[in-house]
Amino acid sequence: MRRILVTGALGQIGSELVVALRERYGSEAVIASDIRLPPLDTLHPGERFEFLDSTNARQIQDIVRNGEVGTIYHLAALLSATSEEKPHVAWELNMGGLYKVLEVARQHDCKVFFPSSIGAFGPGTPKDNTPQDTIQRPTTMYGVTKVAGELLCDYYNRRFGVDTRGMRFPGLISYAAPPGGGTTDYAVAIFYDAIRYGRYTCFLKPDTRLDMMYMPDAIAALISLMEADPAKLIHRNSFNVTAMNFTPSELANEIRKHIPSFEIRYEIDAVRQGIADSWPNSLDCSAARAEWGFAPRYSLSAMVEDMLTKLRTRIS
Ligand code: AKB
């Protein structure tokens, strides 16, 4: 059996993806890895965790070789706001890490998943129903690493035959693990503050429209893309995916249907507002639907209801 390696396994996507992969393929089949160590009480017998700095090619190589890895979900990366604070680290980790993972994948014949983002678009991109193939001139370091990452994955597929696959994630909303350093993070933080304090101070303007997706849909999409028939994948490394788009004010109105006294205030963070303004309002994801059957289930109202229920249980 060739195993699955997940880098950045303690991050927002990784913490839920590892659980889903273990349920689907068995605990033995999945190696979680991160540059941080998990709390000891979260490790269960038979579940393998490795310390991994994904900018270190030797460490990646050792885990892939010793663990008989056949598939790598490469999630270790800095998000958009942190990448603007630390552009050099972002280049080193987001690009350097991907390059090293692809090199190891080439040598060991591994399949690779790479998460791109709506951040791969820029101010010159059509904002509404953003096409699958369009102008990509991002103005952030995060965006630069995402476009370059998409191209590098295409290159490794064409030149070396590495089975690389990826999608452009919108903001992801999850109750299991908080995001860190992203521009869309408000759409998660708002739920914590709504439940705890009944109010939230948002760092984006009330009318900032962005694409979003609930984590269960993102995890299902990841697994579907990786299991899809490669012959059907025309856009293999950069599928637009989304499930909904909304503004902070629309999200607050939806939360008010469950917590009528909920209040939202705005204190704009210029950096994150600038990043959000450079991103699309809504993506066209028809290529993902046609090529591998992308079909998200959660709308804004279904997501808000589920988030509040799950997060209340978690917080209490
Ligand atoms: C971020 O806000 O940086 C991420 C993303 C949309 O890629 N959530």
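**View 1. Polar contacts of the ligand in a predicted model.** An oxygen atom of the ligand lies 2.5 Å from an N or O atom in the side chain of Ser 80, and another view of such pairing is given by Ser 117, with a polar side-chain atom 2.7 Å from an oxygen atom of the ligand. A nitrogen atom of the ligand is 2.9 Å from an N or O atom in the side chain of Thr 184. Taken alone, the ligand exposes 260 Å², of which the protein buries 93% (areas by the Shrake-Rupley method with a 1.4 Å probe). This is a predicted model, in which local features need pLDDT of at least 70 and side-chain atom pairs count only at pLDDT 80 or more, while totals for chains, interfaces and linings use all residues. Residues are numbered from 1 along each chain as its sequence is written, and side-chain values use heavy atoms, with hydrogens and water left out.

**View 2. Surroundings of the ligand.** Among the residues that surround the ligand are Leu 79, Ile 118, Tyr 142, Pro 170 and Trp 279 (a heavy atom within 4 Å).

**View 3. Strand β6 and its neighbours.** Because six of the six residues of strand β6 (residues 164-169) are buried, this strand is largely enclosed by the rest of the structure (buried is under 20% relative accessible area, with a 1.4 Å probe and protein chains only; strands are DSSP runs of E with at least two residues). Thr 164, Gly 166 and Arg 168 point one way from β6, whereas Arg 165, Met 167 and Phe 169 point the other way. Strand β5 (residues 111-117) runs parallel to β6 and is joined to it by six bridges, and Phe 113 has Arg 165 as its bridge partner in β6.

Key
Buried < 20%, exposed > 50% of the residue type's maximum accessible area, 1.4 Å probe, protein only. Helix = DSSP H or I, 4+ residues; strand = E, 2+ residues; numbered from the N terminus. Pairing = 2+ DSSP bridges. Polar contact = N/O pair within 3.5 Å; in protein donor to acceptor, adjacent residues only side chain to side chain.
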